[in-house]
Amino acid sequence: TVVMKAINANSDRQLRRAVACAPRGARAMWMLNVQVGTQSISPLLWALETGSLDAAQAIILDLLTIRADRDRYYYGMDPLFER
């Protein structure tokens, strides 16, 4: 996925571009859960394990940013600790 490519490049700029096209309700899941075949991988955990600290920092900052639309507010703290 584009999120995993940004993590492998350790680029916070590429990561912001990758999740910019995600819908608000699915944005957190794009950064917290990727399905690869039968396995599920956490891009945040992958970034931390591979030493992509710039990408990991960008993920955490993006998740903890409060966003809103006409119907509700979005804050990624709860999905961050679900897994």
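How accessible is R16, and is R16 buried, partly exposed or exposed? In this predicted model, R16 has a relative accessible area of 48% and is therefore partly exposed, since the exposed class begins only over 50%.

## The R16 pair in helix α2

The partner of R16 is D12, with which R16 forms a salt bridge whose closest N and O atoms are 3.5 Å apart. Both R16 and D12 belong to helix α2, where they are separated by four residues, about one turn of the helix. D12, at 33% relative accessibility, also counts as partly exposed, so that this salt bridge joins two partly exposed residues.

## The network around D62

The count of salt bridges comes to three, and D62 takes part in a salt bridge with R27 as well as in one with R67. In the pair of R27 and D62, the closest N and O atoms are 2.8 Å apart; this pair links distant parts of the chain, because R27 lies in helix α3 and D62 in helix α5, 35 residues apart. For R67 and D62, the closest N and O atoms are likewise 2.8 Å apart, and R27, D62 and R67 are thus linked in a network of salt bridges.

Are the members of this network buried or exposed? R27 has a relative accessibility of 14% and counts as buried, D62 is buried with a relative accessible area of 12%, and R67, at 18%, counts as buried too. Each of these values falls under the 20% limit that defines a buried residue.

## Helix α5 and its buried side

D62 is also one of the buried residues of helix α5, which spans residues 53-63; the others in this group are A55, A56, A58, I59 and L63. Because these residues cover an arc of only 160 degrees around the axis, they are placed on the same side of α5. The face turned away from this buried side carries L53 and L61, both of which are exposed.

Which elements do the buried residues of α5 pack against? They pack against the helices α1 (2-8), α2 (12-20), α3 (27-32), α4 (43-50) and α6 (77-80), and also against the strand β3 (67-68). Helix α3, which holds R27, is thus among the elements packed against the buried residues of α5.

Key
Residues are numbered from 1 along each chain as its sequence is written. This is a predicted model: local features need pLDDT of at least 70, side-chain atom pairs count only at pLDDT 80 or more; totals for chains, interfaces and linings use all residues. Side-chain values use heavy atoms; hydrogens and water are left out. Buried means under 20% relative accessible area, exposed over 50%, partly exposed in between (1.4 Å probe, protein chains only). Helices (H or I, at least four residues) and strands (E, at least two) are DSSP runs, numbered from the N terminus. The arc is that of the directions from the helix axis to the C-beta atoms. Contact means heavy atoms within 4.5 Å. A salt bridge is a side-chain nitrogen of Lys or Arg within 4 Å of a carboxyl oxygen of Asp or Glu.
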